[in-house]
Amino acid sequence: MSLRTTTRWLRTFVNAHKLSSFQDKAAALRAEPNPYYVLEWLVLPRIAEDEEEPVWDAWGGERTPGVEKGSLIGVEACFREQLPLELLVGAPIGDEEAAKLATAFADLSVRYGDERWSAGLADLGERLRHAAERYADYVEALKAETERLEREAAEQLAELEAEAAEYEEGEFDLEAEKRAAQAKWDRRKQELPGKVLQRLFPDDALLRLMATANMPRPAERVRGAVRRLAESARHPALRFAEALERGDYEQLRHLAEPSGAQAWGGWLAAYMSRSDLTRSWLPVEDRQRAAIRWIAAAEAEARQEAVGDEAADARPRAAKDGWVASAFRAAGWEERLAEAEFAEEALHRFVWYALPDEELRKRLREELVLKQWSAFVERFAEDGVEERFRALSWVFLLDPENVQHRLLRAAPGGAEELIRRLCRLYAEGVRRGLDVRIVVSVYAYLAKHDKEAFYSFVHGARTLDVALPMMELPASDLSQLFRGDGVRQSSARKHLLQLFYAHLEEAEPKQAPQERMLKLAAILAVDKRSAVVGWLQRHERDWRESIGGDRERLFTRLLRFRWLGTAADPAEQHRAVKEWLQRHSDWVQFETDAPNVEGEGVAYRVVKPGAIDAETGEVLARATVRAEWTDRAEVNKLLDDLKLL
């Protein structure tokens, strides 16, 4: 006895879903990478008795929900007939589904022999065509039975009205009798399709599905399935699969045009997926290798427009309908990337694609790196980091400290050299545009083990968006790295301040996370006086236009200070300066050293605002004031004095 290809899978599937609704069964079947292998039960309904295992005997007498609402049928009738038919005609077969169907049928044809499979396929097509023709007979029969039922219902209602006329008023509740009769006829009308099928077409499971599955235009749906079956032997997916096996990338590019992975991604995912439906009889691992080779080649071609490797790595993550994304829709291929053939370029492409997504990172970490840890440890021990970055980029799938501990356990001793190599690797990753979701943990590792590299990235940041991920470090680390009077700390603060100024001056500054901005403000506040003075120097000519705007308010709110002398009205400026001279003379500095600037007949105008710390009241910058004589007599007297000099 030989098992069908899907027998082992079917045993598990039946046990898992025999209590589920029919809709849940169908959904679980369609969730398989390529469910169309199950159609072997329709194409070859019976294999010779000496070849087939009595698989259905295990559920003899058991019943399960069928396609008809509220029905319970035998397990074999449901899983052998109704479910495969639902897969075939329950939903339109789109282009992706047609490609999967063609691939499954090609594999099954090789399994059972082309002659036997072709004959079974022809019989199934004829069965479908016959059912589509008989559906019209069913519709006519149902219509006739419905009309007969309606006539009987009308006659009964007439009898009830005649009977009610024989009673005195109030003795016969005609409306209640009508409602009871109508409920009975509605129930009979609902049961009518099943009774018509049972009486006229008792053994046609396909016709029963067409009649009860609530599908629109079922006859056309079935005829569409017939066309898909006829086209399966010459579907382009078969040429695509052959080109994959041969490694004929020119042919693959031709077949993939113009939509590429958008059209073929779903099929490729099914083709390279490991599934219990095809376990042990298909060369799945060979197919996975062929698919990964093609994906790596397609990605390499797509990167040819980039200038150099670093530019290619720094590009945004590939579109979600790209070839790499197609592989992540598949299952059970991850360990292929540990093979020597794929251990550099292909591995790097998949790792770099997965880094922005926590689920994909976890998937490669658990299904690839940790399962093949010994192989990855051996590769890490080889010389070279920067020149072998692509072969070692898998380390970014794990937390840096976790990588260090695991590598030390695998190869105890030489901790200093190992940490140095990791730091060089992480630094190279940041330079190549490491995703921001990963870069925070890398910064933390570099800050702990290689401060020179960390500060190089601080000074290498060209925008605040690049530097802000550093603010995710713990407060204690930030304090150690950026506070204090050390040369590196002071220099790093100055660079962050310049980035902050530039951020405020952007045409449309991006909304930065509040927590990161608060940590940045705490660092800049160490030199709050320098921050305020620097801003005034940058806006020496346009400070009146800038103060009061949203960006300036962000500046003052984050650094916690307030301006002095920003009033636009000259009279208000004069009053404010007079008050400062009496109470806070240290808030003011005059533009010139002219004598008697505090006398009568002098008007004060603020030339440059000052600032004080909102928390301590400390003067951060004095307001620059211009004293102008307004008394004509005093001006003339001053001129006369100058003539006598």
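**Close-up 1. Strand 6 and strand 7 meet where Ala-611 faces its bridge partner, Ala-621**. In this predicted model, strand 7 covers residues 619-621 and runs antiparallel to strand 6, with 2 bridges joining them. The two strands form a hairpin with 5 residues between them. Look in the turn for Gly-617, which has a positive phi of about 80°.

**Close-up 2. Strand 6 also pairs with strand 3**. Strand 3 spans residues 561-564, and its pairing with strand 6 is antiparallel, over 4 bridges. To find your place, start at Leu-564, whose bridge partner in strand 6 is Gly-610. In a regular strand, side chains alternate between the two faces of the sheet. Strand 6, residues 610-613, can be followed in this way: Gly-610 and Ile-612 point one way, while Ala-611 and Asp-613 point the other way. All four of these residues are buried.

**Close-up 3. Helix 30 leads up to a positive phi at Arg-560**. Helix 30 runs over residues 550-559, and its buried residues include Glu-552, Phe-555, Thr-556, Leu-558 and Leu-559. Which elements help to cover the buried residues of helix 30? Among them are helix 26 (487-505), helix 27 (514-524), helix 28 (528-538) and helix 29 (543-546), along with strand 3. Just after helix 30 comes Arg-560, with a positive phi of about 55°. Most residues other than glycine have a negative phi.

**Close-up 4. Three strands make an open sheet in the order 4-8-5**. The pairing in this sheet is mixed. Strand 4 (588-590) and strand 5 (602-608) stand at the edges, and each has a single partner strand, so one side of each is left without a neighbour in the sheet. From one strand to the next, the twist averages 40°. Strand 8, residues 623-629, pairs with strand 4 in the parallel sense over 3 bridges. A handy landmark is Phe-590, which stands opposite Val-625 in strand 8. Helix 31 (residues 570-583) packs on this sheet and touches strand 4, strand 5 and strand 8. The direction of helix 31 makes about 95° with that of strand 5.

**Close-up 5. A single cavity of 30 Å³ or more is found in the structure**. How much space lies in this largest cavity? About 140 Å³. Its lining has 15 residues, and those nearest its centre are Asn-34, Tyr-37, Ala-270, Tyr-271 and Thr-278. Helix 5 (95-112), helix 12 (261-272) and helix 13 (284-302) each give two or more residues to the lining. Helix 12 gives the most, with 3 residues. Sorted by class, the lining of the largest cavity holds 8 nonpolar, 5 polar and 2 charged residues.

**Close-up 6. The second largest pocket holds about 330 Å³ of space**. Here too you can begin at the centre: Glu-68, Lys-69, Gln-190, Pro-193 and Thr-212 lie nearest to it, among the 15 residues of the lining. Helix 7 (174-200) and helix 8 (205-212) are the elements that give two or more residues to the lining of this pocket. Helix 7 gives the most, with 5 residues. The lining of the second largest pocket divides into 6 nonpolar, 5 polar and 4 charged residues.

**Close-up 7. Arg-217 has a positive phi without being a glycine**. Its phi is near 45°. Where does Arg-217 lie? You will find Arg-217 in the loop between helix 8 and helix 9 (218-231). Is Arg-217 buried or exposed? Arg-217 counts as exposed because its relative accessibility is 58%, and the cut-off for exposed is over 50%.

**Close-up 8. Ser-280 sits in the loop between helix 12 and helix 13**. Ser-280 has a positive phi of about 80°, although it is not a glycine. With a relative accessible area of 67%, Ser-280 is exposed.

**Close-up 9. Helix 16 is largely enclosed by the rest of the structure**. Why can helix 16 be called largely enclosed? Helix 16 spans residues 345-354, and 9 of its 10 residues are buried, so the rest of the structure largely encloses it. To trace the buried residues, follow Ala-346, Leu-347, His-348, Arg-349, Phe-350, Val-351, Trp-352, Tyr-353 and Ala-354.

Terms used: Residues numbered from 1 in each chain as written. Predicted model: local features only at pLDDT ≥ 70, side-chain atom pairs only at ≥ 80, totals over all residues. Heavy atoms only, no water. Buried < 20%, exposed > 50% of the residue type's maximum accessible area, 1.4 Å probe, protein only. Pairing = 2+ DSSP bridges. 1 Å grid on protein atoms, 1.4 Å probe; cavity = no way out; pocket = protein on both sides within 12 Å on 5 of 7 lines; lining within 4 Å. Points joined across faces, edges and corners; volume = space filled by probe spheres on them. Nonpolar A, V, L, I, M, F, W, Y, C, P; charged D, E, K, R; others polar. Axes fitted to C-alpha atoms, helices over the stretch in contact; angles between N-to-C directions. Contact = heavy atoms within 4.5 Å.
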